[in-house]
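Welcome, and please have your viewer ready. We will start with the whole chain and then select strands one by one.

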Amino acid sequence: MYKIVAKRKLNEAVTLMEVEAPYIAAKAKAGQFIIFRIDQYGERVPLTIADHDAEKGTVTIIFQAVGSSTKALSQLNEGDEILDFVGPLGNATEIEGYKNVCVIGGGVGCAIAYPSAKALHEAGAHVDMIAGFRNKDIVILEDEMRAVSDNLYVTTDDGSYGEKGFVTNKLQALIDAGNKYDLVIAIGPLPMMKFLSEVTRPYGIKTLVSLNPIMIDGTGMCGGCRVTVGGKIRFACVDGPDFDGHEVDFDELMRRNAYYKAQERESANHECRILKMGDAAKEE
Amino acid sequence: MANLSLTKIPMPEQKPEERIKNFQEVALGYTEEMAKEEATRCLNCKNRPCVSGCPVNVRIPDFIAQVAQGNFEEAYKIITATNCLPAVCGRVCTQESQCESKCVRGTKGESVGIGRLERFVADYHMAHAKDEEVKIEKNGHRVAVIGSGPSGLTCAGDLARLGYSVTIFEAFHKAGGVLVYGIPEFRLPKAIVQKEVDRLESLGVEMRTNFVIGKTLTVDELFAEGYEAIFIGSGAGLPSFMNIEGESLIGVYSANEYLTRVNLMKAYSDQYDTPIRHSKAVAVVGGGNVAMDAARTAKRLGAEKVYIVYRRSEEEMPARAEEVHHAKEEGIEFKCLNNPTRILGAENGEVRAIEVISMELGEPDASGRRKPIAIAGSEHEIEVDTVVMSIGTSPNPLIRSTTSGLDANARGCLVADAEMATSRPGVFAGGDAVTGAATVILAMGAGKTAASSIDKYIKEKNNG
């Protein structure tokens with residue numbers, strides 16, 4: 001059992017939790033993920049590690065309550081326990097050798113973009129961050145992101161906060177203004193990552209995206225998380241989760257992630273996380 | 001006077017038309033009377049050929065003699081002296097190619113039903129006896145076992161009995177390895193696996209689930225934590241795909257994923273959140289036991305048509321005859337001598353058919369089996385909405401890629417000698433991690449050998 005030592009609501013649907021998991025906290029690196037299982041009937045759900053504190057032995061997760069497991073998790077409180085919590089899984093985001101980086105988060109994807117920005121910032125890179133949200137009400141982690149970036153640009157689709165527009169427009173504007181990025185990291189809903197990769201493609205800017213396909217074990221055993229990258233089948237759990245955005249077959253992945261859409265619709269207790277993913281972010 | 005019947009006492013089974021609607025065990029087990037009668041078929045041969053066919057050397061004629069006399073608990077003691085998982089072995093061991101293949105009775109008629117008797121004894125014990133509290137004097141040495149499948153459980157059990165403090169590290173949330181995620185409930189009830197795991201814990205073995213060695217901790221860190229020797233029994237969990245067109249379509253699974261969703265994650269039960277595709281027609285590609293398990297599972301999940309697509313003929317099929325027989329009884333259709341060429345999708349990205357090419361058998365290949373050769377122009381489609389790839393697995397690279405000095409071969413299997421020692425001092429390995437996908441009993445045999453090698457290694461290290 002893994003104890004929740006802190007809980008904070010970041011907005012109506014997004015929750016931050018610090019979970020006692022000393023072995024994972026000692027090992028975790030930006031970009032890696034954990035898998036949790038809420039109770040004996042729950043699914044194994046992957047969540048990216050948002051932060052970790054080796055000294056306190058805690059791992060921070062930030063998630064949107066969209067599926068039945070994340071909804072149940074959001075109902076737990078400080079002092080409650082999660083049945084299973086395993087990690088750190090996947091490879092760390094590569095941060096070595098980059099000087100000028102733009103890290104982009106979409107919605108709850110900012111929770112995953114944040115640790116990458118933090119790691120790059122600590123490694124001495126110049127970090128610009130673009131954080132996109134639908135509207136003012138769901139803006140999260142603004143102070144945290146500001147603290148680990150040289151410039152933070154917040155955009156909202158409706159203009160209710162920060163700049164009006166999409167993150168793709170902002171990235172284009174920054175490139176047009178003469179910013180020479182040697183790396184772009186894009187984390188958010190699949191369509192967002194797909195279009196951001198298209199923005200950078202003509203300039204040949206290396207673009208990393210963090211993928212979160214359906215998976216069970218997270219150790220390479222089920223193959224459910226396979227994605228086509230550069231024409232080859234890769235397993236997101238062990239070969240990723242970060243991949244070259246210019247090589248990923250996003251359309252195929254969007255179809256695969258919709259795998260169980262029909263079943264989730266059938267179930268009265270389930271709200272479809274995939275449908276939600278399209279507008280807000282992935283279930284992270 | 002021995003019972004001279006040429007055939008085994010038949011195993012009571014659920015009727016096919018009933019069992020395809022549930023996930024309960026197919027084979028129901030002998031009654032006491034049946035067991036005693038079957039036991040009298042054993043000739044108690046002096047040279048005991050059956051024992052030499054058992055990777056863990058169960059004293060087969062001895063335990064059968066006790067069964068014949070109705071001393072079932074005595075029989076249990078004899079079996080468990082060398083086999084710590086009798087209820088599992090009695091069900092899933094390939095007896096027909098092991099002990100029973102050596103049985104003298106098998107030269108004319110059927111061999112003695114050794115597996116069935118072993119199962120009976122184990123089940124009788126579980127139902128009637130309370131495990132005596134075993135007092136083991138700890139010897140103060142710690143051993144780490146990676147993986148809680150058949151090799152790890154066996155190795156841990158043997159070491160615990162010798163007085164070692166053993167910790168098993170398991171990546172999943174539940175112990176048992178392939179016994180819980182791979183083999184279906186209808187062949188091996190999970191409650192039985194749990195009882196065997198509980199028994200190990202009662203011997204003092206510590207079980208640490210949710211622990212991925214290579215990620216959460218490395219082999220080097222285990223040594224740093226004070227473990228004096230390490231056994232790697234991490235299995236062969238990496239699924240193979242055919243690398244044909246259409247394998248990423250919706251509705252294509254690896255057998256590992258399909259079976260894990262159903263067995264470990266219990267997708268067949270409404271109580272659990274795990275989703276699984278509701279299929280009408282399923283093609284399972286492959287001819288091994290895992291393919292049979294996947295096909296029979298698909299049937300139980302409600303598929304109207306389930307096909308086994310296999311590129312050789314039924315004669316070359318690696319699956320146990322019993323599994324093939326059960327699958328056929330349950331209405332699984334065998335499309336042998338057909339090799340998939342691509343998987344075809346509908347516009348929505350879901351599987352609509354599998355295209356196969358007909359094969360014929362040529363000369364024997366390296367495996368000794370006749371090589372299948374494609375018949376040009378014979379491609380045809382089989383209409384299915386789900387495809388399960390069951391063409392084999394290989395060892396996971398997580399451990400070998402994070403452990404220096406640990407040699408592996410070209411197929412990714414760890415290299416271990418006859419004593420199960422790897423190239424790294426103090427690190428032993430066995431089971432599918434070494435052999436590639438094989439059987440439960442071979443893995444158990446390896447775990448057993450490794451336990452005695454580890455015992456020897458630690459004793460020598462501390463005396464020298």
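How many positive and how many negative side chains does chain A have, and how far apart do the centres of the two sets lie? Colour the charged side chains to take in the picture: chain A carries 31 positive and 41 negative ones, and the centres of the two sets are 3 Å apart. Keep in mind along the way that this is a predicted model.

**The whole chain**

Show chain A as a cartoon and you will find 10 helices and 16 strands. Switch to the C-alpha trace and turn it along its principal axes, where it spans about 55 × 40 × 35 Å. The radius of gyration of chain A is 18 Å, which agrees with the value near 19 Å that a compact globule of 284 residues would have.

Now put a surface on chain A. About 10,700 Å² is exposed, and carbon and sulfur atoms supply 47% of that area. Colour by burial next: buried residues account for 62% of the 284 in the chain. If you draw contacts between residues at least 6 apart in sequence, 66% of them join residues at least 24 apart.

**The open sheet**

Next, select strands S1 to S7 of chain A. These 7 strands form an open sheet with antiparallel pairing, and the order across it is S6-S1-S2-S5-S4-S3-S7. At the edges sit strand S6 (81–82) and strand S7 (84–89) of chain A, each pairing on one side only.

Start with strand S1 (residues 2–9) and strand S2 (residues 14–20) of chain A, an antiparallel pair held over 5 bridges. Select Lys7(A) to see a residue opposite its partner: across from Lys7(A), in S2(A), is Met17(A).

**Strand S3 and its neighbours**

Move on to strand S3 (residues 33–37) of chain A. Is this strand enclosed or open to the outside? It is largely enclosed by the rest of the structure, because 5 of its 5 residues are buried. Show the side chains to inspect both faces of S3(A): Phe33(A), Ile35(A) and Arg37(A) are buried on one side, and Ile34(A) and Phe36(A) are buried on the other.

S3(A) has a partner in strand S4 (residues 45–53) of chain A, with 4 bridges in the antiparallel sense. Pick Ile35(A) and look across to S4(A), where Pro46(A) is its bridge partner.

For the last stop, add S7(A), which runs antiparallel to S3(A) and is joined to it by 4 bridges. Here Phe36(A) faces you with its opposite number in S7(A), Phe85(A).

Notes. Residues numbered from 1 in each chain as written. Chains lettered and ligands numbered in written order. Predicted model: local features only at pLDDT ≥ 70, side-chain atom pairs only at ≥ 80, totals over all residues. Heavy atoms only, no water. Helix = DSSP H or I, 4+ residues; strand = E, 2+ residues; numbered from the N terminus. Rg over C-alpha atoms; globule rule 2.2 N^0.38 Å. Buried < 20%, exposed > 50% of the residue type's maximum accessible area, 1.4 Å probe, protein only. Contact = heavy atoms within 4.5 Å. Areas by Shrake-Rupley, 256 points an atom, 1.4 Å probe, with all protein chains shown as cover. Lys, Arg positive; Asp, Glu negative; His and termini not counted. Charge placed at Lys NZ, Arg CZ, Asp CG, Glu CD. Pairing = 2+ DSSP bridges.
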